[in-house]
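Trainee: I'd like to take a close look at one small part of this model with you. Could we start with the overall layout and then zoom in?

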Amino acid sequence: MTEEAPDLQGRYLDASVTELDEEKVNITIDDRPGYIPRSDFFAGSELPKAGETIRVYVEKESHGVWLASKDKADRMGLLDQLKHAFNDERPVEGEIVGVTDGGFNVDLGVKAFLPSSQVSLRPVKDPNEVLGQTFQFRIIRFERGRQNVVVSRRVLLDGQRDQSFKTLKNDAIVTGVVTRFADFGAFVEVEGLEGLL
């Protein structure tokens, strides 16, 4: 390893694409040779072209050549955006993609955890009601080092419900969605609020 080599490891840098071969994308990072394995790019995605500048994460050096990752750089950039959304309490969009112990997996570009208690204002009895659906979420826990992201949909729904309490008036004509039936009537959701018909 060269004397200057360690200063690139673990950094998030711009790299210039020099050429592509069957196994890798060759790059120059800080005037030093490097490469990204083709397997680092999603199958079917468009590879960068020679002369392009791309953002990479520098992993390690071997015999004067740096191994870098485009996928990790993309994820780090996305984590930066999610951190800002967490700090600013801004909603983010994600798709509920799977069921896991105690909740659901949500795809925000990185994997996030949605506790069962945070899916809706009422318990979700059938996971198929929400699987494959895209919603707005609030990030309620963010640990970048562990890439631990926890989200809530309920926090946003609570906010909408509070706003609805302020705006709905007696005798108003509104549109609602019947959510379930009981012997004594039907439950109807109106602007995040549940009413009895």
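Trainee: How many helices and strands does the protein chain have? After that, please walk me through S69: in which strand is it found, and which residues does it touch beyond four places in sequence?

Mentor: Sure. Keep in mind that this is a predicted model. The protein chain has two helices and 13 strands. It runs to 197 residues, and 35% of them count as buried. Half the story is long-range: 50% of the contacts with a separation of 6 or more come from residues 24 or more positions apart. As for the outside, the accessible surface is about 12500 Å², with carbon and sulfur atoms making up 48% of it.

Now to the neighbourhood you asked about. Five of the strands close into a barrel, in the order β1-β2-β3-β5-β4, with mixed pairing. On average, neighbouring strands in this sheet are turned by 55° against each other, ignoring direction. Within that barrel, β3 (residues 32–37) and β5 (residues 65–69) run parallel, paired over two bridges. If you want a landmark for that pairing, take Y35, whose bridge partner in β5 is L67.

Helix α1 spans residues 70–88 and lies across β1, β3, β4 and β5. Relative to β4 (53–62), helix α1 runs at about 120°.

That brings us to S69, which sits in β5. S69 counts as buried because its relative accessible area is 2%, under the 20% cut-off. Leaving out residues up to four places away in sequence, S69 touches I36, D40, V56, Y57 and E59. The side chain of S69 also reaches the backbone nitrogen of K72, at 3.0 Å.

K72 is the residue to follow next, and it belongs to helix α1. With a relative accessibility of 31%, K72 counts as partly exposed, whereas S69 is buried. With residues up to four places away again set aside, K72 touches Y57 and E59, and both of those names also turn up among the contacts of S69. The link to E59 is polar: the two side chains of K72 and E59 make a contact at 2.4 Å. Their C-alpha atoms are 9.5 Å apart, and the two residues are separated by 13 positions along the chain.

So, to trace it on screen, start at the side chain of S69 and step to the backbone nitrogen of K72. Then go out along the side chain of K72 to the side chain of E59, and come back from E59 to S69, since those two touch as well.

Methods. Residues numbered from 1 in each chain as written. Predicted model: local features only at pLDDT ≥ 70, side-chain atom pairs only at ≥ 80, totals over all residues. Heavy atoms only, no water. Helix = DSSP H or I, 4+ residues; strand = E, 2+ residues; numbered from the N terminus. Buried < 20%, exposed > 50% of the residue type's maximum accessible area, 1.4 Å probe, protein only. Contact = heavy atoms within 4.5 Å. Areas by Shrake-Rupley, 256 points an atom, 1.4 Å probe, with all protein chains shown as cover. Pairing = 2+ DSSP bridges. Axes fitted to C-alpha atoms, helices over the stretch in contact; angles between N-to-C directions. Polar contact = N/O pair within 3.5 Å; in protein donor to acceptor, adjacent residues only side chain to side chain.
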